[in-house]
Amino acid sequence: MNDRITLRRLDDMHCHFRAGSLLKEVLPFTAQYAGRGIAMPNTRPRAILTGKDVVWYQDEIRRALDEMPHRHSFEPLMTIEIRDNTTPQMIAEAYHAGAVAGKVYPLGVTTNSDEGLRNFESESIAETFRAMRDVGMLLLIHGELDRERTLVTKREEVFLPTLLMLAEKFPNMKIVLEHVSTRVAVESVRQLGQNVAATITAHHLCLTLNDVVGYGIQPHHGCMPMPKDFDDRDTLIVAATSGEPKFFLGSDTAPHPREKKECAKGACGVYTAPVLPQVLAEVFEKTGKLDRLEDFSSRFGAEFYGLPLNDGSISLIKSEWVVTEQIGGVVPFRAGAKLQWQLS
Ligand SMILES: [Zn+2]
């Protein structure tokens, strides 16, 4: 039996690094094992919408990296939020400032999506998407729609016709359906062209809706999209461990202070950064596919983004440990639980 694995440094293609003091708390975890991380733009109070915002946020992250006691070769990959009023000019400026992708949050479906996109079919947004395609920026999508009489568990499925429309209308734009959570969405991504891929989180590989609301309400498992049925989770595990290059790691690690989770109307998001490679190793080992983990965590994402593979590697050793209950005021995924793998 393997008791040690070595992986190329990870690419975490979906991270919420936040800003200010929380950024300094959470960034060291990802920087420890990842070579790159996609910095999601829905920060507050300042959202990342323009080239100037990109420069500001990249500086924030670099300063936080410089302040770390251990130097890591970590590079943040920058993004901007695409809203109804994002123009081709703003795309050009963001691209020149270093943004590699634009992120779309449909209105009202998740944390800080209060000014999300209302209309995917307007001519003005088509112009913006064409500008992204022309410079080679990826379109990252939170693929859920909140319609009247649509249950939270059906929002991803309801979004899929929009994904199909975008994939057909922009065959030369790379599109990532973020944190895919249902069988039907995995199948859609498989059937669409090579321009469409999906990220998968560690927590969606572990949780079902039962783990959120089935045994008392578990606020630290609450996230968007909600974890779903067993069959959906099994499909995600197969997709992640199958060696299909369309499915790669995007953890959606989303730290919220404990009091923002444990309250009425608790925030959505699971803080996986402190345990990410360890949890992934457990999932892949359970399915007998540990040898596929590196492709999922460190190769397919880079290839889809058109980036060289990371240099350097990390090692995990098989040795039981207990996850800390709280880190910097935030409760991490699997807090208090035993994990089988740890970073060496
Ligand atoms: Zn996210």
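Biologist: At what angle do helix 2 and helix 3 pack, and how far apart are their axes?

Modeller: In this predicted model, helix 2, residues 51-66, packs against helix 3, residues 88-97, at about 25°, and their axes are 7 Å apart.

Biologist: Why is helix 2 called roughly parallel to helix 3?

Modeller: Angles under 35 degrees count as roughly parallel. The angle here is about 25°, so helix 2 is roughly parallel to helix 3. The crossing of helix 2 past helix 3 is right-handed.

Biologist: Which residues of helix 2 and helix 3 meet?

Modeller: From helix 2 come G51, V54 and V55, and from helix 3 come E93, A94, H96 and A97. Four residues of this contact are nonpolar, two are polar and one is charged.

Biologist: What makes G51 count as polar?

Modeller: Gly is placed among the polar residues by definition, so G51 of helix 2 falls in that group.

Biologist: How do you know that helix 3 and helix 4 are roughly parallel?

Modeller: Their axes cross at roughly 30° and come within 8 Å, helix 4 being residues 123-135. The cut-off is again under 35 degrees, and helix 3 and helix 4 are therefore roughly parallel to each other. Helix 3 also passes helix 4 in a right-handed crossing.

Biologist: Which residues make the contact of helix 3 and helix 4?

Modeller: Helix 3 contributes P88, I91, A92 and Y95, while helix 4 contributes E127, T128, A131, M132 and V135. Of these residues, seven are nonpolar, one is polar and one is charged.

Terms used
Residues are numbered from 1 along each chain as its sequence is written. This is a predicted model: local features need pLDDT of at least 70, side-chain atom pairs count only at pLDDT 80 or more; totals for chains, interfaces and linings use all residues. Axes are lines fitted to C-alpha atoms, for helices over the stretch in contact, and angles run from 0 to 180 degrees between N-to-C directions. Helices (H or I, at least four residues) and strands (E, at least two) are DSSP runs, numbered from the N terminus. Angles under 35 degrees count as roughly parallel, over 145 as roughly antiparallel, 65 to 115 as roughly perpendicular and the rest as oblique. A crossing is left-handed if the near helix is turned anticlockwise from the far one by less than a right angle, and right-handed if clockwise. Two residues are in contact if their C-beta atoms, placed from the backbone, lie within 7 Å.
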